[in-house]
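Me: Could you walk me through this structure with a few questions and answers? I am just starting out, so please explain the terms as we go.

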Amino acid sequence: MTDRVEAVLAALEAEGSARTRDAMGPRYGIVTADRVFGVPMARIQAVAKPLGKDHELAAAMWATRIYEGRMIAFLIDDPALVTHAQMDAWRAGFDNWAVTDTACFKLFDKVEGAAAMVEPWTRLNDEMGRRAGFALLACLALHGRPANFVHGLTLIEGAAGDERNFVRKGANWALRAIGGKKDPALRAAARELAARLAASEDRTARWNGKDALRAFAGADAKAGC
């Protein structure tokens, strides 16, 4: 396994550049305590593709504490073998939005019963932990996975006033994703919540509502509604 990990890391390092690494924070807001090679996401995906699904290698790549190595872990892990305990352990190590969102979008939302993690994560106090809850809710909605989206709207409303950047944007992402579902009742409920938030006296909640309403209006216009 050590040889395999070193081979993947060598391939990643060969794709890295100081220019990409130096732009991650200032340009994209990706700030991490982990070691970083500076590899664009498209090249990370290219390195991951021939590896296939490999749960053991994914665990080893996560353990490297290298940003790109952890991205590889999300891309190659087998969701059928991922437990809720693993999800929670990895979530505890999230320190930037890119790792958080990629884990949810590429892996976590495919895990059996993943929706059970939404509420406990959205009730966490740390910024990335709470972001993970809403990112997971958004990904479940976007990918048509089972979840209690009506209750999800309640969780969004409860966090809509959290002014921390990545929480408010995570809650907004989840609201827009639920509002984009085909279910007429869910669409109506999401729009009602957005309107209610848009009228709030709380500045952050108001931003969340207005931004979602703009997104809904644009989607409706594109669909000819």
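Me: Is Thr204 buried or exposed?
Reply: Happy to start there! Buried means under 20% relative accessible area, exposed means over 50%, and partly exposed is in between, using a 1.4 Å probe and protein chains only. Thr204 has a relative accessible area of 9%, so Thr204 is buried.

Me: Before we go on, what kind of model is this?
Reply: Residues are numbered from 1 along each chain as its sequence is written, and side-chain values use heavy atoms, with hydrogens and water left out. Local features need pLDDT of at least 70, side-chain atom pairs count only at pLDDT 80 or more, and totals for chains, interfaces and linings use all residues, because this is a predicted model.

Me: Which helix holds Thr204, and which residues does Thr204 touch?
Reply: Helices (H or I, at least four residues) and strands (E, at least two) are DSSP runs, numbered from the N terminus. By that count, Thr204 sits in helix 13, residues 203-223. Contact means heavy atoms within 4.5 Å. Leaving out residues up to four places away in sequence, Thr204 touches Ala160, Gly161, Asp162, Glu163 and Arg168.

Me: Gly161 is in that list, so where does Gly161 lie, and which residues is Gly161 in contact with?
Reply: Gly161 belongs to the loop between helix 10 (149-159) and helix 11 (165-179). With 35% relative accessibility, Gly161 is partly exposed. Setting aside neighbours within four places in sequence, the contacts of Gly161 are Asp202, Thr204 and Ala205.

Me: What distance separates the C-alpha atoms of Gly161 and Val118?
Reply: Along the chain, Gly161 and Val118 are 43 residues apart. In space, their C-alpha atoms are separated by 18 Å.

Me: Now a helix with many buried residues: how many of the ten residues of helix 7 are buried?
Reply: Helix 7 covers residues 97-106. Its buried residues are Ala98, Val99, Thr100, Asp101, Thr102, Ala103 and Cys104, and they pack against helix 3, helix 5, helix 9 and helix 11. Helix 7 is largely enclosed by the rest of the structure, because the number of its residues that are buried is seven.

Me: How are helix 5 and helix 7 oriented to each other, and why?
Reply: Two packed helices are described by the angle between their axes and the distance between the axes. Axes are lines fitted to C-alpha atoms, for helices over the stretch in contact, and angles run from 0 to 180 degrees between N-to-C directions. Under 35 degrees counts as roughly parallel, over 145 as roughly antiparallel, 65 to 115 as roughly perpendicular and the rest as oblique. Helix 5 and helix 7 pack at about 15 degrees with axes 9 Å apart, and they are therefore roughly parallel.

Me: Which residues of helix 5 and helix 7 meet?
Reply: Helix 5 brings Tyr67, Met71, Phe74 and Leu75. On the other side, helix 7 brings Ala98, Val99, Thr102, Ala103 and Lys106.

Me: Is Tyr67 buried or exposed?
Reply: Tyr67 lies in helix 5. Not counting residues up to four places away in sequence, Tyr67 touches several residues, including Met24, Ile30, Asn96 and Val99. Its relative accessibility is 6%, so Tyr67 counts as buried.

Me: How are helix 3 and helix 5 oriented to each other?
Reply: The axes of helix 3 (residues 41-48) and helix 5 come within 10 Å and cross at roughly 55 degrees. Helix 3 offers Met41, Ile44, Gln45, Val47 and Ala48 to the contact, and helix 5 offers Glu68, Met71, Ile72, Leu75 and Ile76. The two helices are therefore oblique.

Me: And how are helix 1 and helix 3 oriented?
Reply: Their axes also come within 10 Å, with helix 1 spanning residues 2-15, and cross at roughly 150 degrees. Val8, Ala11, Leu12 and Glu15 of helix 1 meet Arg43, Ile44 and Val47 of helix 3. Helix 1 and helix 3 are therefore roughly antiparallel.

Me: One last residue: what is the phi of Arg65?
Reply: Most residues other than glycine have a negative phi. Arg65 lies in the loop between helix 4 and helix 5 and, at 46% relative accessibility, is partly exposed. Although Arg65 is not a glycine, its phi is positive, about 60 degrees.
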